[in-house]
Amino acid sequence: MVLITGATGNLGAEVTRRYFGSQESLRLLTRTPDKLKAFESHGAEVIKGDFCDSVSLQKALQGVDKVVASVHSMIGWGKNSSKKIDLKGHINLIDSAIQAGVSHMIYISAFGASSDHPIDFWRYKFQVEEYLKASGLDYTILRPTAFMETHAHMLLGQHVIEKGRVTLYGEGENPRNFVAAEDVARFVLMALEHPSLIGETVEIGGKENHSSREVVELYAGLIGKKPEIKKIPLSMLKVLSIAVRPFHSGISRIIRSSVLAETGDMTFDATLLIERYGIEPVGLHEWVYNNAVPAAAGSQLNQNGK
């Protein structure tokens, strides 16, 4: 049996959809079972649980051979803070998996995870990587770059399509890498099915690097008009991240990550990835025309009442 955590997210949902029809049974762990009724109707077992609740984890892990850990709480705070979920919660999951006799854990980390990363989320990811490596479990660690669905579409392109205006942080000219959830899911399935990925740490990214401004221009071509662009100076964002930290650590973290996205080296070269694994990632242009264009057309039809 395979247990997937985070099935309500882009990656977890994509892995779940692709895994239906395999010879192994599928169990989904979530805090909100109602959101997974569609998967349950297709044969997946849905179980309510929480990374901070060892009893629920033990229940979810009974009879499980492999675990896909794709939960994150980057914007979380309070009881769902990044430290409690991304660090302590995942350590709890690993400990519970050992007790339950799990054979293989596939952990979704993050591109750039390191012990000295300027943002705690990436440091937590690295700490979990190291804990998993020392746990005695067979493991595969996947480090994706920024997901297209969130960082290119939801935060940029969707605003262009639906509102005709968008906000850029700084000038929006720093190139960065976006990867599609479908491509990361392909590596998850490969890790589930091929022992050759056991013990591997794989960095996964798209085949192109684009600035936020280039993303906006791409989406602007879809609607046929130039969107209104508002720019927030990076200096203002740095001050804002400090000001909101006592009230919402998650929002502060997102703001600091946005600053980093416009100031650090966020590029990725997919050449070796393609050569080694034979999987060519989808480009942003292709993803947009396969996903955003049909959605935009459907939205326009609805608005016109047709």
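## Charges in the protein

Let's start with charge. In this predicted model, the protein carries 33 positive and 34 negative charges, and the mean positions of these two groups lie 9 Å apart.

## Overall build

The protein is made of 12 helices and 12 strands. Its C-alpha atoms fill a box of roughly 55 × 45 × 40 Å along the principal axes. Does that go with a compact or an extended chain? For 306 residues, a compact globule would have a radius of gyration near 19 Å, and the protein has 20 Å, so the value agrees with a compact globule.

The chain also brings together residues that are far apart in sequence: of the contacts between residues at least 6 apart, 74% join residues at least 24 apart.

## Inside and outside

How much of the protein is buried? Buried residues account for 49% of the 306 residues. On the outside, the protein exposes about 14600 Å², and carbon and sulfur atoms supply 52% of that area.

## A closer look at Arg27

Now pick out one residue in the structure above. Arg27 sits in strand 2, which covers residues 26-30. Is Arg27 buried or exposed? Its relative accessibility is 8%, and buried means under 20%, so Arg27 counts as buried.

Which side chain does Arg27 meet through a polar contact? The partner is Glu45, and the contact between the two side chains is 3.0 Å. Leaving aside residues up to four places away in sequence, Arg27 also touches several others, including Met1, Val2, Leu3, Ile4, Ile47, Lys59 and Val64.

Terms used. Residues numbered from 1 in each chain as written. Predicted model: local features only at pLDDT ≥ 70, side-chain atom pairs only at ≥ 80, totals over all residues. Heavy atoms only, no water. Helix = DSSP H or I, 4+ residues; strand = E, 2+ residues; numbered from the N terminus. Rg over C-alpha atoms; globule rule 2.2 N^0.38 Å. Buried < 20%, exposed > 50% of the residue type's maximum accessible area, 1.4 Å probe, protein only. Contact = heavy atoms within 4.5 Å. Areas by Shrake-Rupley, 256 points an atom, 1.4 Å probe, with all protein chains shown as cover. Lys, Arg positive; Asp, Glu negative; His and termini not counted. Charge placed at Lys NZ, Arg CZ, Asp CG, Glu CD. Polar contact = N/O pair within 3.5 Å; in protein donor to acceptor, adjacent residues only side chain to side chain.
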